[in-house]
Amino acid sequence: MYQKWKRFVDFMLSLMGLIVLSPLFLILAVMIKAESKGPVFFKQKRVGIHKKHFMILKFRTMRTDTPKDMPTHLLKNPEQYITKMGKFLRKTSLDELPQLINILKGDMAVVGPRPALYNQYDLIEERDKYGANDIRPGLTGWAQINGRDELEIPVKARLDGEYKEKMGFFMDLRCFFGTFLSVLKSEGVVEGGTGAMKR
């Protein structure tokens, strides 16, 4: 029952968000194009509900000659590929805003596990242990407000599983408002460290 209600709320929030934030979208698009050649949006194959693939949308933060379909943490010296505008977008998480379109389409939810790259097999396998691949991935989630880029993959997957078990209105509210606090403090942001396995 909550899943159907959650989908309706996600649809309405993403629709209102796109309308209200359309001026910001335009400003960011102009700034991205002014700094570097290439498209405004970046598309990438990600893992959705029940491990079905979809194309996620982001504002482009890297140069067009960046190796494709490779997590940032696996790039040698990722800083060389990230644009100045891209650094700002990543630090403020504004690069994620186009995912409101993914939410509107039903590929994602506002709150849920962050969608893995289709070739992040270690993370996908870990999430299988907790059934976390069987819910819609989110713009933000429980793992996002509990460490973000600093988390080891097993810890991230466990937190995603914990979200699945406790998923409900109050859990979503906690993640939603916790995200604003994390972004303001830039907590857990490690450039080039997303999903890195610490040893």
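In this predicted model, Leu89 has a relative accessible area of 0% and is therefore buried, the cut-off for that class being under 20%. Leu89 sits in helix 3, which spans residues 84-92. Leaving aside residues up to four places away in sequence, Leu89 touches Leu28, Ile32, Phe59, Arg60, Thr61, Leu94 and Asp95. One of these partners, Thr61, lies 28 residues from Leu89 along the chain, yet the C-alpha atoms of the two are separated by 7.0 Å.

Attention can now pass to Asn102, a residue of helix 4 (residues 99-105). Asn102 counts as buried because its relative accessibility is 0%. With residues up to four places away in sequence again set aside, the contacts of Asn102 include a run from the earlier part of the chain, namely Phe54, Met55, Ile56 and Leu57. Asp107 and Met108 are also touched by Asn102.

Helix 5 (residues 121-128) offers a view of burial at the level of a whole element. Its buried residues are Leu123, Ile124, Glu126 and Arg127. Seen down the helix axis, these buried residues fall within an arc of 165 degrees, so they line one face of helix 5. What do the buried residues of helix 5 pack against? Their packing partners are strand 1 (41-47) and helix 6 (153-166). On the face turned away from this buried side, helix 5 carries the exposed residues Tyr121 and Glu125.

Technical notes. Residues numbered from 1 in each chain as written. Predicted model: local features only at pLDDT ≥ 70, side-chain atom pairs only at ≥ 80, totals over all residues. Heavy atoms only, no water. Helix = DSSP H or I, 4+ residues; strand = E, 2+ residues; numbered from the N terminus. Buried < 20%, exposed > 50% of the residue type's maximum accessible area, 1.4 Å probe, protein only. Contact = heavy atoms within 4.5 Å. Arc of directions from axis to C-beta.
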